[in-house]
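Please consider the model shown below. The paragraphs after it follow the sheet and then the nonpolar cores.

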Amino acid sequence: MKVFAYLRVSSETNKDGHGFIRQKESINIWAANHKTEVVQIFEEVFTGAEIQRPIFAVMLEQMNAIGIKTFVVENQTRLGRDLMVNLHLIASCKKMGVSIIDASTGDDLTKQEEPMSVAMMQISGVFAQLE
C-alpha cells in the first residue's frame with residue numbers, strides 16, 4: 001500500500017526541535033511493520049485548533065491527483081488539538097474516500113463505527129485539547 005504522511009507542529013519553535021523528527025520516526029516504523037510505502041511527507045507548522053490549513057489542503061489535492069487514498073499521522077493529536085476540528089477533518093476525509101491511519105494505534109480514524117471505538121477516540125480528543 002502507498003500512503004502519504006502528515007506531520008504537524010503548532011509553532012516554529014517545535015519545527016526545529018524533535019517534533020518532525022519524532023513524527024517521521026513513528027510513521028516510518030508503522031510503515032515498515034505494515035509493508036507500506038510512504039510516498040510523500042507533508043510537514044505543516046500550524047495550530048491544531050484550525051480546520052483550514054494550507055499544507056493539509058495541498059496534501060489532499062495531491063492525493064486526489066495521483067490516487068493515494070490514505071495518509072498516516074503519528075497520532076490523533078497531530079491531526080488536531082481540538083475535538084470538533086478532529087471530528088470535522090475525519091468526517092471530511094471519510095466523505096472524500098480518504099482514510100487516516102493513526103500510527104500509534106494502527107487504527108483507521110475514518111472507520112471508527114463501533115460505539116466504544118468512537119467514544120475512545122472522542123475521549124482521546126478531549127484530553128488532547130486539554131494539553
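**The sheet and its cores**

Strand 3 and strand 4 are paired in the parallel sense over 4 bridges; strands here are DSSP runs (E, at least two residues) and helices likewise (H or I, at least four residues), numbered from the N terminus, and two strands pair if DSSP finds at least two bridges between them. Within this pairing, V73 stands opposite D102 in strand 4. The model is predicted, so local features need pLDDT of at least 70 and side-chain atom pairs count only at pLDDT 80 or more, while totals for chains, interfaces and linings use all residues. Residues are numbered from 1 along each chain as its sequence is written, and side-chain values use heavy atoms, with hydrogens and water left out.

On strand 1 (residues 2–9), 2 parallel bridges lead to strand 3 (residues 70–73), where A5 stands opposite V72. Strand 1 is also joined to strand 2 (residues 37–45) by 8 bridges, again parallel. The 4 strands thus form an open sheet in the order 2-1-3-4. Strand 2 and strand 4 (99–102) stand at the edges, each with a single partner strand, so one side of each has no neighbour in the sheet.

Of the 8 residues in strand 1, 7 are buried, that is, under 20% relative accessible area with a 1.4 Å probe, protein chains only. The largest nonpolar core (buried Ala, Val, Leu, Ile, Met, Phe, Trp, Tyr and Cys residues joined through side-chain atoms within 4.5 Å) has 18 residues. Strand 1, helix 3 (54–66), strand 3 and helix 5 (83–96) each give two or more residues to this core. A second, separate core of 11 residues includes F20 and I101.

Conventions
Buried < 20%, exposed > 50% of the residue type's maximum accessible area, 1.4 Å probe, protein only.
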